[in-house]
Each structure stands twice: as structure tokens, then as C-alpha cells.
Amino acid sequence: MISSEQGLFGEFGGRYVPEILRPALCQLEDIYQQLRSDENFWQEYLQLTQEFSGRPTPLTPLPRLSESLGGAKIWLKREDLNHSGAHKINNVLGQALLVKRMGKQRIIAETGAGQHGLATAIIAARMGLQATIYMGSEDVERQYSNVFWMRQLGAEVVPVSHGSCTLKDALDEALRDWAASVDDTHYVLGTACGPAPFPELVTYFQRVISQEIRAQAKHQIGALPNAVVACVGGGSNALGAFCDFLDEPSVRLLGVEAGGRSQQPGQHSIRLQGDLASPGIAQGYKTLFLQNRDGQLGETHSIAAGLDYVGVSPVLADLVARGRVDATSATDSEVTHAFQLLMRYEGIIPALESSHALAGGFALAKKMQPHEHVVINLSGRGDKDIFNIAQALPQQEWLDFLKREVTRTEQRLRESANNPNREEQYVSNV
Amino acid sequence: MFPTSNESLKVMSHCVVGFPSLEENEHAIDGLVAAGIRLIELQVPFSDPVADGPVLVNACVKALARGGSFEATLALARKVSRRHPEVTFVLMSYLNPIYQYGIPAAIDEIANAGIEGIIVPDWPVEAMRPHLPHMEKRGVAPILMVTPNTASTRIAEIASASRGMLYVVSRMGVTGSSTHWGEEFQIYIARVKKHTNLPLAVGFGVRTREDLQALRGRVEVAAFCSQYIEWQAELGSERAAERMAQVVQSIHAA
């Protein structure tokens, strides 16, 4: 389990925030440190994940795909089978227990792909809390199905339409909201980034993934896996999958970043490899940022909204710097190919974020021996990506369907305008 | 020169370097000086200004597209500090542009450009401390911030590291919204004054003449920034400066 020295991981991490946020972070740090050493709290957390989210998630072998690729045996850690469809719920459930202890009534969150926002909206509904979710306006368009669900769950979704209109701007906006509302609001940061104690705290809640992989691998494989692979946006699913193997040098740990369209500035989200990114201090912490010489954070791109982020967890930045974690990247087209392979061979629909891990994991498995085992963390399911996939693989049939759907929706809106009581009737029934 | 303690209220105003354009920054500053402003913040535009509200965020986005940068801020400072020696220029930046430049070199260049102080909202006192001797040597005053939720012991710590002025954030939140100056604010100011003799600059929510009246006699500096940038965006620099002249006169007239 990782733990920081004053919120620092090597040269990365720290707490570089406007003074107004400091007391809330100190309060969170105190509560986290108390609970971290409280085994009862961890048991309460595990019980909640089991009863509400369906843990443990399975470790699924991929026999047909493994045979087809001709290298190591491939296994998937099925975080996609969590309630809400992604690993994000692990962290949100944990932070919800913290909110309960702090007695706060409102939660805010930033979200890229919408999975963290969705998980936050779900827990707000479950606990009767008010929720506001900040989301880049570009991501709102890319992940509208999640926006729809968040609003149905009762959360306020605020599109952020300045800067690059993606995750980093949503994070800035959430920090601004928090600066004005710290007394009654908790910021449920969604990944292992941001000011201390968030990187460590989010990793703490996500480590349940690697705890389970470890136990399941021993049971199903009879040994630890030879490699664990995960995609890296902010880094929470990767750290969750890697955490319990950090002291096991026989287990190779591989993070896969978004290679996007190319390695030109603004066309990818590669921070952990080469010198595309450099150390910087922004958004409350020090890490590797894609930035220019003036320290302005750069534009990013990924086919997966959840990986489209300019910074990376300081914990991962340090682990890569120390050589414990390797990093690679997958381009948008490699990702789409991996996505199709998993569907066609194994009947599983992965998220585009997780498909980066698939692309990197498949490439690694091909180079390994048939007696070896690779576990790929399938961080989320692909339902939310249906529009993106349909755009990446354009088909006339899909276009025809959308046209019919627009016609039907217009018809329903006209009907409800003519008969407003129908809507009111529905709302009062709810 | 920074104001001294118990001096009458001074107005500090603002320039986002690159907004509306680098050329107009110079004229805008001339206008502010003509309006009687003697304290001006030069803001290095930043891609992720987390302590700023919508007005300054939007100004930063535009400024960056129009060539605003740390270097451009130094270049502007060199010109305007020579042209207006009676004015105290303060650099306002987030930490990353300074960090990328190299902190000691950045402090040297800030001093060389005729800038007398710096305000960096995301540079906490503990991270700034190793650089304080160099700032002292080069005559660059670190102007740190305290907020309503800052504990008294920490106010003392921040105040002891500050020079020139102590920036008092008037309320919880980001720049650009309104503030109430009631009893709670008075208690807060009294609490801050227990820990420092530095002149106090109050910012975040100073938008009207009434705000200035409320601050008169209580603190030495009022940061009248977001509202000025809003006027500048809506009316142009010339008319924004006219409004600032009325603001300054309203203090003297009262």
C-alpha cells in the first residue's frame, strides 16, 4: 500500500492550493489518517461495496482471444461489472463514508467520461445528498448518455465551456466551487490526482481491485500473474490494479496512455513516456503535465474522454520515475481494433478507456510465453460509448436509426407540448 | 512604495497581460495612472487559474491567445515601471509559469523589471519559505493571502513571511462576486490585525463605491480588479479608466 511523506511521492504531489482550500484539505487529511488505520472502517467499506456495487468483481479468462493471439494467457479483472459500470464507484463509496463522518450535505465532482459523475450522482441519490457535477462541454457532447442519467438521478450537471472544455477545466471549476462552499460541501475528486490527500486517498479506496486480483489469481491461476495492465487517464484504476503488487518485483506493471491521433501537441494524452510532458505545478499538485515552456497547460486528445487529461497521478509519475511501473500508449485506431477483438472473441463490450489497456495488454501478451498470465483491468463497460463507437465505425444503418429516433423524439415533444398534464402526472407519480 | 499602516484607503487595480491585447495593456495602464491609481497588479495569464472567477478566467483565455505570458509580463513591466515611477507594480501569477522559468531566475527578472511585489495564490507559505531570503535580497515583496477560514496561528505564520502588504481575502470563494461587510467582517479584520502591523489589502468582492466606503478607515488597500476588467471588456480601456477615476474620487469626496 502506498503512503506519502507529507503528501509527496518522490518529487511529485504536495498541496499547492489557494489558502481558502487548505482547512478543508487538512480536515480531510485528519479524517483519512484516522480511518486508514481503522480496520473496522475498511470492513464497513468492503461491506458497502459488496452490498451496493456487487464486489468482488470476477477475474475472467479469455481463452479464445488468448489462443488467437498466441502468447500469454489473458485474464480480465471485471471492474465493468460494478454498479454504475466502472471502477469509479469504489472511490465514490469510500468518500461517501467520509462525507457521512464529516456531516456535510452537498457533494461536488468533476468528470470526464461521466463515469465518476454518474457514480457520484448515484451515491448522492442513495444518501440523500445534493450533488453538482462539473463536466467539460466537449465531454458533455461525447458522453451524453451519462449526462442524461446523472440528471435523472437528481444531480445538477454544469457544462464548463471555457479553456479546452474537457476534464482539466471541469477540475478547475470544481475547485472554484469548493473554495466558495467548503463549509457544507465535500469535493469527491474522481482520480488519484489533485492536492494531498486526494492521490493517496483515492488509491486507498481503489486498492480493493488489486487485493481481489491477488486472491483470485492465486485461486484461479495458482500463482501471481506475470503482468498487470491498466489504462492511465488520471491513474485511479491503474493504481488500484497495481497497488498490492508494488512489492512483488516478479509482477510487471504496465500503464497504457492515450496515444490519440499522433504525438503532435494536442493530439494525444501521453505524460509518462519520453519528454512529451514535464514536471509542473497546477491544479493543486506537482506532477508531469503536458505544457508549454511558459507553464501553460496544453490541449489533449483521446478517443476516450476519460483519458483526455493533461496531468497524471503524482503516485504514478513517481512509480514510473523509479522504474517500478512501465508505460506505453495506444493510438485511437489501435484502441478501436482492440475493442472489436474483445467483442468478437469474448462477447464483452469494453469502455474505450479500458480498450487502451486491452490494446497494450494484447501487444504485451503476444510477446510472452503460453505458460505466463496477463491480467488486464477492464475498468469500465462500453455502453456509454455507443455514440462514439458508431462514429468511429460509421454505418448507414446507424445513421438511418438516428434519423428515425429524431423524428420520434420530435413527435413526442410536440405531443407533450399539446398535453402538458401528461408530464406533470408523471412527475407527481414519482 | 507600498502604503504604510493606517494610511487612508488606496485603490489597487489590475491588468491581465495580453487582455484585451498586449498593445492596449500599456494604454490601459496609462489610463489607470491618470485616474489616480498608484497600485497595479500585472496578472500573468494562466491556463488554469483556480482562484479566479469567470471574468478573470475569460480574460486569461483571451490573453493567452493574444500572446500573454510570463515573458510578456516582464516586458510590459519594464516599460510601465520606468514610465510611471510613482506607481507600485505587483506581479500576480499562478506558480507554474514562475516554476517553469526557474524560481530564482524569475525573482531576479521580476526585480529587474521594476516590480515590487508578487501575489501567487497557489504558492503556500511552506513551499515559498526557502525562496524568501532571495526575495528579500532582491526587494521583491511576497504578498501572501489570508482567508476567513485561516486559523489564527497560521495567520501569524503567513503574516510573518509577508512583506509590503498582507492580502486579506474578504470571503469564501473566487474573485469577482459581491461581499457583505458586516460585523463578521469587522471581527475578521480585527483578528488579522492582532497578528500583523502590515498594511492590509482587501480583495475578492470589491465592486462598488459602497464597498470602498465600507473599507475606508478599516484597511489600507482595496483591490478593485474583476469589476475593472469587466468594464474594460464591455466598455474599452478608456471608459473603464474614466470609471476608475470616479471610483478614486468617490473616496476623496466622501
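This is a short tour of a predicted model, with stops at two sheets in chain A, the contact with chain B and a few salt bridges.

Before you start, note that residues are numbered from 1 along each chain as its sequence is written, and chains are lettered from A and ligands numbered from 1 in the order in which they are written. Because the model is predicted, local features need pLDDT of at least 70, side-chain atom pairs count only at pLDDT 80 or more, and totals for chains, interfaces and linings use all residues, while side-chain values use heavy atoms, with hydrogens and water left out.

**Stop 1: the six-stranded sheet**

Select β3, β4, β14, β9, β10 and β13 of chain A, in that order: these six strands form an open sheet with mixed pairing. Helices (H or I, at least four residues) and strands (E, at least two) are DSSP runs, numbered from the N terminus, and two strands pair if DSSP finds at least two bridges between them. At the edges you will find β3 (59–61) and β13 (326–331) of chain A, each paired on one side only. From one strand to the next, the twist averages 30°; axes are lines fitted to C-alpha atoms, for helices over the stretch in contact, and angles run from 0 to 180 degrees between N-to-C directions.

Now zoom in on β9 (227–231) and β14 (373–378) of chain A, which run parallel and are joined by three bridges. Which residue of β14(A) is the bridge partner of A227(A)? Look for V374(A).

Next, show helix α13 (332–346) of chain A, which lies across β3, β4, β10, β13 and β14 of chain A at about 85° to β13(A). Add helix α14 (352–367) of chain A, lying across β4, β9, β10, β13 and β14 of chain A at about 150° to β9(A).

**Stop 2: the four-stranded sheet**

Stay in chain A and select β7, β6, β5 and β8, an open sheet in that order with parallel pairing. Its edge strands are β7 (156–160) and β8 (185–187) of chain A. Neighbouring strands here are turned by 20° against each other on average, direction ignored.

Three bridges pair β5 (106–111) of chain A with β8(A), and I108(A) has Y187(A) as its bridge partner in β8(A). Helix α5 (115–127) of chain A packs on this sheet, touching β5 and β6 (130–136) of chain A, with its direction at about 165° to that of β5(A). Contact here means heavy atoms within 4.5 Å. Helix α7 (144–152) of chain A lies across β5, β6 and β7 of chain A, at about 140° to β7(A).

**Stop 3: where chain A meets chain B**

Show both chains and colour their contact, made by 30 residues from chain A and 37 residues from chain B. How many salt bridges are there between chain A and chain B? The count is three, a salt bridge being a side-chain nitrogen of Lys or Arg within 4 Å of a carboxyl oxygen of Asp or Glu. To see a salt bridge between side chains, select E19(A) and R154(B), at 2.4 Å, N to O.

On the side of chain A that touches chain B, α1 (22–36), α8 (167–181) and β11 (278–282) of chain A each supply at least two residues. Helix α8(A) gives the most, with six residues.

**Stop 4: a link within chain A**

Over all chains, the structure holds 35 salt bridges. For a last view, select K100(A) and E44(A), whose side chains meet in a salt bridge at 3.7 Å, N to O. This pair links distant parts of the chain, with K100(A) in helix α4 (88–102) and E44(A) in helix α2 (39–53), 56 residues apart.
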